[in-house]
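Dear colleague,

I am handing over the structure below, together with some notes on what turned up when I went through it. Please read the notes with the coordinates open beside them.

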Amino acid sequence: MEPLELAADAPVLGIETSCDETAAAVVCGASTVLSSVVSSQIDLHARFGGVVPEIASRAHLDLLVPVVAEALVSAGLDDREIAAVGATYGPGLIGSLLIGVSAAKALSMVWGVPFVAVNHMEAHLYAALLENPGLELPLVVLLVSGGHTMIVEMRAPGRYRILGRTLDDAAGEAFDKVARYLGLGYPGGPVIDRLANDGDPEAIRFPRSMLDEGYDFSFSGLKTAVAMHIDQRGQPGSRQALADLCASFQAAVVDVLVAKARLARRKFDCAAMTVVGGVSANSGLRAAMTAAAAADGFELWTPALRYCGDNAAMIGAAAALRMQAGLEPGVQVFASGAIDEARGAA
Ligand code: KG4
Ligand code: ZN
């Protein structure tokens with residue numbers, strides 16, 4: 001396939017439907033967001049305690065056209081001004097992905113512009129660049145979401161090395177499962193974060209798994225430790241006890257994430273780091289990374305809260321950068337062996 005070409009300021013429509021957010025955005029390059037619309041389906045899934053794939057696909061079908069229309073209108077652009085359409089092709093729920101990819105392909109055909117298939121994880125890597133034109137590569141990125149937890153060396157668009165990743169649960173998944181044990185609903189991250197603010201992070205000493213073992217993570221032992229604590233002691237009997245448990249759990253996650261991110265940043269000697277993905281909204285993680293940046297003397301960039309979780313601005317930015325770099329559309333960047341070459345090497 002021929003590489004595509006795109007001017008630096010050409011408007012790109014991004015579409016994201018990999019899980020329970022229906023999102024569309026118009027961006028110019030990696031850092032100018034003209035519009036970003038995210039319609040969350042959380043209310044539809046909350047009573048099931050997690051995302052129900054069939055409900056998600058049907059909701060995307062209903063929501064996508066109005067969400068795209070709103071993104072175009074708030075960008076103040078006519079659809080004929082869009083230079084390319086990017087959409088998440090994976091990883092994600094297959095039925096949900098199909099809705100976004102089909103819509104994006106249809107629009108690209110009608111408008112006569114290129115379609116760019118975007119890897120969802122690659123797009124998260126670019127979240128901190130949105131609205132931050134000063135941020136330059138190479139970077140070490142801590143990517144923490146509901147489905148993935150990894151440390152990536154980001155050298156240039158399309159050139160990434162996964163330094164470490166979780167061997168079992170993702171950090172966000174651990175937040176969601178612990179919240180479920182505590183009857184706090186879905187998604188668990190934001191509610192645990194809020195409760196943890198009033199708790200004592202040293203009240204309960206939960207394990208910090210694989211702390212001295214390279215860049216890989218494991219969160220399933222921590223999750224089990226919390227479940228056993230609740231089994232043995234019962235549900236927290238007061239709001240303070242609940243806050244203490246949340247703070248202690250969150251501290252265990254944050255300690256491991258920050259220790260490994262610092263180790264990787266030192267080893268690969270990057271002047272700057274970013275933290276991205278849904279869990280990068282966590283106030284404890286942001287505070288601990290800010291303290292680490294001050295202590296170790298590196299620049300820390302975190303996305304605005306609206307770009308931490310799933311959104312389409314990051315999809316548009318990834319599509320624009322791939323095209324500007326002359327990369328082939330739709331290459332499975334995170335599936336190639338080259339990316340894995342430095343995995344786990346401390
Ligand atoms: O990036 P994202 O929106 O979707 C995936 O690609 O997975 O991440 C969603 C995850 C959920 O597990 C959610 O609980 C977590 O991000 N999350 C948080 C916070 N806000 C969202 N975790 C901890 N603290 C938060 N404030
Ligand atoms: Zn995501």
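Which residue in S5 is the bridge partner of Gly86? In this model, which is predicted rather than experimental, the partner of Gly86 is Val116, and that pair belongs to the 5 bridges that join S4 to S5, two strands running parallel. Between them the chain crosses from S4 through H3 to S5, in a β-α-β crossover that is right-handed.

The sheet

These two strands are part of an open sheet of 5 strands with mixed pairing, whose order is S3-S2-S1-S4-S5. At its edges are strand S3 (32-40) and strand S5 (115-119), each of which pairs on one side only, and from one strand to the next the twist averages 20 degrees. Strand S1 (residues 11-16) runs antiparallel to strand S2 (residues 21-28), to which it is joined by 6 bridges, whereas S1 and S4 run parallel and are joined by 4 bridges. Val12 takes part on both sides, since its bridge partner in S2 is Val27, while in S4 it stands opposite Ala84. As background, the strands of a sheet pair through backbone hydrogen bonds, in either a parallel or an antiparallel manner.

Strand S4 is mostly covered, with 6 of its 7 residues buried. Helix H3 (residues 94-111) lies across S1, strand S4 (84-90) and S5, and runs at about 160 degrees to S4. Helix H10 (residues 313-324) also packs on the sheet, where it touches S1, S2, S3, S4 and S5, and its direction makes about 130 degrees with that of S1.

The zinc site

The zinc ion (ligand 2) has as protein donors His120 (NE2), His124 (NE2) and Asp310 (OD), which lie 2.0 to 2.1 Å from the ion. The site is tetrahedral, with angles of 95 to 131 degrees among its 4 donor atoms; for comparison, the ideal angle for four tetrahedral donors is 109.5 degrees. In sequence the donor residues follow the spacing H-x3-H-x185-D, and the pair of His120 and Asp310 links distant parts of the chain, 190 residues apart, with His120 in helix H4 (residues 120-125) and Asp310 in the loop between strand S10 (299-301) and H10. Both His120 and Asp310 are buried.

With best regards

Notes
Residues numbered from 1 in each chain as written. Chains lettered and ligands numbered in written order. Predicted model: local features only at pLDDT ≥ 70, side-chain atom pairs only at ≥ 80, totals over all residues. Heavy atoms only, no water. Pairing = 2+ DSSP bridges. Axes fitted to C-alpha atoms, helices over the stretch in contact; angles between N-to-C directions. Contact = heavy atoms within 4.5 Å. Donors = N, O, S within 2.8 Å, 3.2 Å for Na, K, Ca; no water. Tetrahedral: all angles 85-135°; square planar, octahedral: opposite > 155°, others 65-115°. Buried < 20%, exposed > 50% of the residue type's maximum accessible area, 1.4 Å probe, protein only. Right-handed = clockwise from strand over helix to strand, strands pointing away.
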